[in-house]
Amino acid sequence: MSTADTATVAPQSLLAFDFGTKRVGVATGSRFTGRAEPLKSIHAEGDARFTAIEKLVREWQPDALVIGVPFHPDGAEHEITQRARRFGRQLKGRFRLPVFEVDERYTSVEAESQGARDLDSAAAALILEQYFQEHP
């Protein structure tokens, strides 16, 4: 299925990312269940980060990717907003999959309040569940 085809058909299997400069949380989920499952946090930067992501993409074979894009509480952008968007463009270029953005304000705080052991992957799962809610 080409990228053009996936724009008209809702992706069924997705990987989600909670971008950070030091770590990236990863979660997987299915539109069928509408639920997300934390996978892991990638503690790498640069090419090593994308090598780890490539392994997950090969293993899970998602139809699309979702990234959390952070904003200030008032909705204003900040430095990490632009870095997260750049990360999304890099994902799209490397893996040739559709990439969807989700406003991820407070996902790490929510993951922490739920007692998550791996905050980054738990935040990625919350990002993906938010995507499912916004795109039924």
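**Entry 1: Asp 120**

I started at Asp 120, which is buried, with a relative accessible area of 12%. The model is a predicted one, and I read every value below with that in mind. I then looked for a charged partner and found that the side chain of Asp 120 meets that of Arg 23 in a salt bridge, 2.5 Å from N to O. Arg 23 sits in the loop between β1 and β2, while Asp 120 belongs to helix α5, residues 119-134. The two are 97 residues apart, and I noted the pair as a link between distant parts of the chain. What is the exposure of Arg 23? Arg 23 is partly exposed, with a relative accessible area of 36%. The cut-off for buried is under 20%, so Asp 120 at 12% falls on the buried side and Arg 23 at 36% does not.

**Entry 2: helix α5**

I stayed with the helix that holds Asp 120. I counted 16 residues in α5 and a reach of 22 Å from the first C-alpha to the last, close to the 22 Å expected at 1.5 Å a residue. How many residues of α5 are buried? I found 12 of the 16 buried, and I put the helix down as mostly covered. Among the buried ones are Asp 120 and Ser 121, the run of Ala 122, Ala 123, Ala 124 and Ala 125, and also Tyr 131 and Phe 132. I also listed Leu 126, Ile 127, Leu 128 and Gln 130 as buried there. For the cover over these residues I noted strands β1, β2, β3, β4 (64-69) and β5, along with helix α4 (107-113), among what is included.

**Entry 3: helix α2**

Next I took α2, residues 46-60. It has 15 residues and reaches 22 Å between its first and last C-alpha, close to the 21 Å expected at 1.5 Å a residue. Which residues of α2 are buried? I listed Arg 49, Phe 50, Ile 53, Leu 56 and Val 57. Looking down the axis of α2, I saw these buried residues fall within an arc of 115°, so they line one face of the helix. On the other side I found Asp 47, Lys 55, Arg 58 and Glu 59 exposed. The buried residues of α2 pack against three strands, β1 (13-18), β2 (24-30) and β3 (35-42), and against helix α3 (79-95). Just past the end of α2, I noted that Gln 61 takes a positive phi of about 45°.

**Entry 4: salt bridges around Arg 85**

A search of the whole structure gave me 8 salt bridges. Apart from the pair in the opening entry, I followed those of Arg 85. Its side chain meets that of Glu 77 at 2.6 Å, N to O, and that of Glu 101 at 3.1 Å, N to O. Arg 85 lies in helix α3 and Glu 101 in strand β5 (residues 99-103), so this pair ties together parts that are 16 residues apart in sequence. With the shared partner, Glu 77, Arg 85 and Glu 101 are joined into one network. I then checked the exposure of each member. Glu 77 is partly exposed at a relative accessible area of 40%, Arg 85 is partly exposed at 21%, and Glu 101 is partly exposed at 39%.

**Entry 5: Thr 21**

I went back to the loop between β1 and β2, where Thr 21 lies. Thr 21 is partly exposed, with a relative accessible area of 30%. What does Thr 21 touch, not counting residues up to four places away in sequence? I found Glu 45, Arg 49, Ile 80 and Arg 83. One of these, Arg 49, I had already listed as a buried residue of α2. I also took a distance from Thr 21 to Ala 44: they are 23 residues apart in sequence and 9.1 Å apart in space, C-alpha to C-alpha.

**Entry 6: the whole chain**

Last, I looked up the totals. The protein chain has 5 helices and 5 strands, in the order α-β-β-β-α-β-α-β-α-α along the sequence. I noted a radius of gyration of 14 Å, which agrees with the value near 14 Å for a compact globule of 136 residues. The C-alpha atoms fill a box of roughly 40 × 35 × 30 Å along the principal axes. Buried residues make up 43% of the 136. Of the contacts with a separation of 6 or more, 64% are between residues 24 or more positions apart. The accessible surface comes to about 7600 Å², and carbon and sulfur atoms hold 49% of it.

Methods. Residues are numbered from 1 along each chain as its sequence is written. This is a predicted model: local features need pLDDT of at least 70, side-chain atom pairs count only at pLDDT 80 or more; totals for chains, interfaces and linings use all residues. Side-chain values use heavy atoms; hydrogens and water are left out. Helices (H or I, at least four residues) and strands (E, at least two) are DSSP runs, numbered from the N terminus. The expected span of a helix is 1.5 Å times one less than its number of residues. Buried means under 20% relative accessible area, exposed over 50%, partly exposed in between (1.4 Å probe, protein chains only). The arc is that of the directions from the helix axis to the C-beta atoms. Contact means heavy atoms within 4.5 Å. A salt bridge is a side-chain nitrogen of Lys or Arg within 4 Å of a carboxyl oxygen of Asp or Glu. The radius of gyration is taken over C-alpha atoms; the globule rule is 2.2 Å times the number of residues to the power 0.38. Accessible areas come from the Shrake-Rupley method with a 1.4 Å probe; for residues, only the protein chains shown count as cover.
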